[in-house]
Amino acid sequence: MKRLKKITLADIPYVGRGTPAGDRFRRYWIVVSAARDLHDIPQAIKVLGDELVLFRDQTGKIGLIGAHCPHRGASLEYGDIECGGIRCPYHGWLFDVHGQCLEMPAEPKGSKFAQKVKHLSYPVREQGGLLFAYLGPNPDDPPLLPKYAALADCAGQRSLEATRVYDCNWFNFIENGADPAHFSILHRADPDDGTWRSWFFNFKDIPYFDAIETAYGMKVVSRKPGPSADTEYVDEKSFALPSILQIGDTEFTHFRQPREALSAGSHNAHFMFVTPNDDHSFTLFTVNHYTGSDPEFFQKLAPSRKAEAKAEKKPYDRRKYSPFRGNVRTEDITCQSTQPLLDRRKEQLGTSDKGVILIRRIILNAIRAVQEKRTPKGALKREQAQEMVKIDSFTGVRAKEIN
Ligand code: FES
Ligand SMILES: [Fe+2]
């Protein structure tokens with residue numbers, strides 16, 4: 001029997017083909033583009049280290065195929081979309097969305113060579129304006145694409161933010177969502193910014209939190225005493241496999257309402273689908289799902305989405321990411337981009353890293369499941385086809401939990 005590679009925390013960030021963590025990603029559907037970013041020309045993308053080209057043929061079918069033509073390697077990013085597929089610019093080989101070669105104009109008439117050439121291709125599905133691809137084994141019989149409530153639920157309003165690319169490892173970003181301590185510390189610079197406007201996550205009074213495993217992954221639950229003895233303020237942030245974060249993104253934070261406004265809970269959920277391009281960069285697809293009653297919610301939210309630090313750059317400041325204080329996004333980018341791809345076994349973790357410890361354990365378990373040919377957590381079984389996947393997280397006031 002083939003011996004399985006013994007995996008450790010050091011393996012988690014690396015997603016290339018043939019790596020244990022890369023094999024795990026290849027058991028799930030992952031977001032590769034927003035549908036609105038795909039126009040009438042091919043789009044080159046890198047996913048899990050694979051160089052690929054995404055295109056929509058003339059009938060609207062979407063293809064995701066290897067970037068380099070199997071003939072002599074020219075990039076299909078420059079291909080022409082025509083005759084039911086994409087045609088290589090160099091010698092005109094034509095491929096359909098399944099990677100099947102349909103034509104080779106320079107080959108002798110009657111040649112059957114085209115039928116024998118099948119280029120690398122992956123299945124693609126659309127859900128709620130995002131394009132998901134499955135890069136794993138058996139592409140002709142892929143697993144179910146989960147129905148994410150944030151994308152498939154007809155209730156409420158949805159908005160897709162601009163697609164963003166970050167130059168750091170995907171896992172630095174994911175761990176940040178399981179680390180509520182940093183909200184009170186890194187994001188303390190501006191009392192009007194950050195989750196709960198720095199009232200709840202406060203440097204001088206850091207809330208207690210628990211890390212809890214859930215059916216879809218895990219969540220961190222932070223608490224402070226509520227407005228009455230039997231209530232508490234609660235803030236939950238969730239992680240779903242393979243690489244989705246959901247954070248409460250409240251009316252209280254953005255619209256400067258009194259904290260009592262949250263007694264009925266927040267009505268906006270902020271989902272981040274994280275797709276590694278390779279080990280050094282990832283793409284972030286962000287969806288807001290609002291179920292409250294304000295028809296102009298997203299217009300009001302828009303100004304808060306700018307990633308601009310508040311301070312001026314000092315003339316002698318040569319630091320790459322400064323100024324970064326005073327904006328949640330620039331603060332996060334600065335810390336995550338400066339964490340090297342270090343072996344996580346060499347860190348020195350404290351009690352307040354319990355969320356990070358749990359998220360690593362959950363991902364390691366999923367990697368082991370794939371190694372042992374079991375279904376990893378978060379990948380659906382056939383009988384779950386109709387289930388709506390809810391990545392829940394509560395933000396607001398609720399009755400105190402008796403532990
Ligand atoms: S390199 Fe593409 S057809 Fe020749
Ligand atoms: Fe953050």
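**From an exposed loop to the nonpolar core**

K320 is found in the loop that lies between helix 7 (297-301) and helix 8 (328-337). The model considered here is a predicted one. K320 counts as exposed because only 12 or fewer other C-beta atoms within 10 Å are allowed for that label, and K320 has 8. Along the chain, K320 and T334 are 14 residues apart, and 8.7 Å separate their C-alpha atoms.

The overall division of the chain comes next. An automatic or database assignment gives domain 1 (29-134) and domain 2 (147-399). Taken over C-alpha atoms, the centres of domain 1 and domain 2 are separated by 34 Å. To the contact between them, domain 1 contributes 13 residues and domain 2 contributes 14 residues. On the side of domain 1 that touches domain 2, strand 1 (29-34) and strand 2 (43-47) are the elements that give two or more residues. Strand 1 provides the largest share of that side, with four residues. By character, the residues on this side of domain 1 comprise seven nonpolar, four polar and two charged.

The interior may now be considered. In soluble globular proteins, nonpolar side chains tend to be buried together. The largest nonpolar core of this model has 79 residues, and V32, A133 and I359 are those with the most contacts inside it. Helix 9 (residues 354-371) gives the most to this core, namely eight residues. Both domain 1 (29-134) and domain 2 (147-399) are represented, each with at least three residues in the core. Leaving aside residues up to four places away in sequence, A133 touches W29, I30, V32, V47, L64, Y122, P123 and V124.

Helix 9 deserves a closer description. Its 18 residues should span 26 Å at 1.5 Å a residue, and its end C-alpha atoms are 26 Å apart, so the expected and computed spans agree. The buried residues in helix 9 are G355, V356, L358, I359, I362, I363, A366, I367 and V370. An α-helix has 3.6 residues a turn, so residues three or four places apart point the same way. Among the elements that cover the buried residues of helix 9 are helix 1 (20-25) and helix 4 (170-176), together with strand 15 (208-213), strand 16 (217-225) and strand 17 (231-240). Just after helix 9, K373 adopts a positive phi of about 65 degrees.

Definitions and conventions: Residues are numbered from 1 along each chain as its sequence is written. Chains are lettered from A and ligands numbered from 1 in the order in which they are written. This is a predicted model: local features need pLDDT of at least 70, side-chain atom pairs count only at pLDDT 80 or more; totals for chains, interfaces and linings use all residues. A nonpolar core is a set of buried Ala, Val, Leu, Ile, Met, Phe, Trp, Tyr and Cys residues joined through C-beta atoms within 7 Å. A residue is buried if 20 or more other C-beta atoms lie within 10 Å of its own, exposed if 12 or fewer, and partly exposed in between; C-beta atoms are placed from the backbone. Two residues are in contact if their C-beta atoms, placed from the backbone, lie within 7 Å. Ala, Val, Leu, Ile, Met, Phe, Trp, Tyr, Cys and Pro count as nonpolar, Asp, Glu, Lys and Arg as charged, and the others, Gly among them, as polar. The expected span of a helix is 1.5 Å times one less than its number of residues.
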